[in-house]
Amino acid sequence: MTVLLLLACTHGADSSGDSAADSGALDPRYDALRAAVAADLDASLATGASVAILDHGQVVYAEGFGSADPESDVPVTPDTLF
């Protein structure tokens, strides 16, 4: 199995690490990943991140975390452009 992790982060003065799911129920298989991303955001100057996991070319997980624009508190989504 091939797995590729893509990560993009925003940078700003506020380091909020709140996670925002794109929609639907959260898959508990990714709880550890969510916690790690939230902890990394809390420990850095990044205000948001978008994470995707692909398996054989198919997106199996995509989620946005934190804020894309800390001044207007726009949440990051899996489709946020950085």
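This passage goes through the fold of a predicted model and then its salt bridges.

Starting with the overall layout, the chain is built from one helix and five strands, and reading from the N terminus the order is β-β-α-β-β-β. Burial is found for 29% of the 82 residues. The accessible surface adds up to about 5000 Å², with 57% of that area coming from carbon and sulfur atoms. As for how the chain folds back on itself, 63% of the contacts between residues at least 6 apart in sequence link residues at least 24 apart.

Three salt bridges turn up across the whole structure. One of them pairs Arg 29 with Asp 27, at 2.6 Å from N to O. Arg 29 is exposed, at 64% relative accessible area, while Asp 27 is partly exposed, at 24%.

The other bridges involve Arg 34. Within helix H1 (residues 31-42), Asp 31 and Arg 34 sit three residues apart, about one turn of the helix, and their side chains form a salt bridge at 2.9 Å, N to O. Asp 31 is partly exposed, with a relative accessible area of 41%; Arg 34, at 9%, is buried. Arg 34 also bridges to Glu 63, here at 2.8 Å from N to O. Because Arg 34 belongs to helix H1 and Glu 63 to strand E4 (residues 58-69), this pair ties together parts that lie 29 residues apart in sequence. Glu 63 is buried too, with just 2% relative accessibility. Through shared partners, then, Asp 31, Arg 34 and Glu 63 end up in one salt-bridge network.

Key. Residues numbered from 1 in each chain as written. Predicted model: local features only at pLDDT ≥ 70, side-chain atom pairs only at ≥ 80, totals over all residues. Heavy atoms only, no water. Helix = DSSP H or I, 4+ residues; strand = E, 2+ residues; numbered from the N terminus. Buried < 20%, exposed > 50% of the residue type's maximum accessible area, 1.4 Å probe, protein only. Contact = heavy atoms within 4.5 Å. Areas by Shrake-Rupley, 256 points an atom, 1.4 Å probe, with all protein chains shown as cover. Salt bridge = Lys/Arg side-chain N within 4 Å of Asp/Glu carboxyl O.
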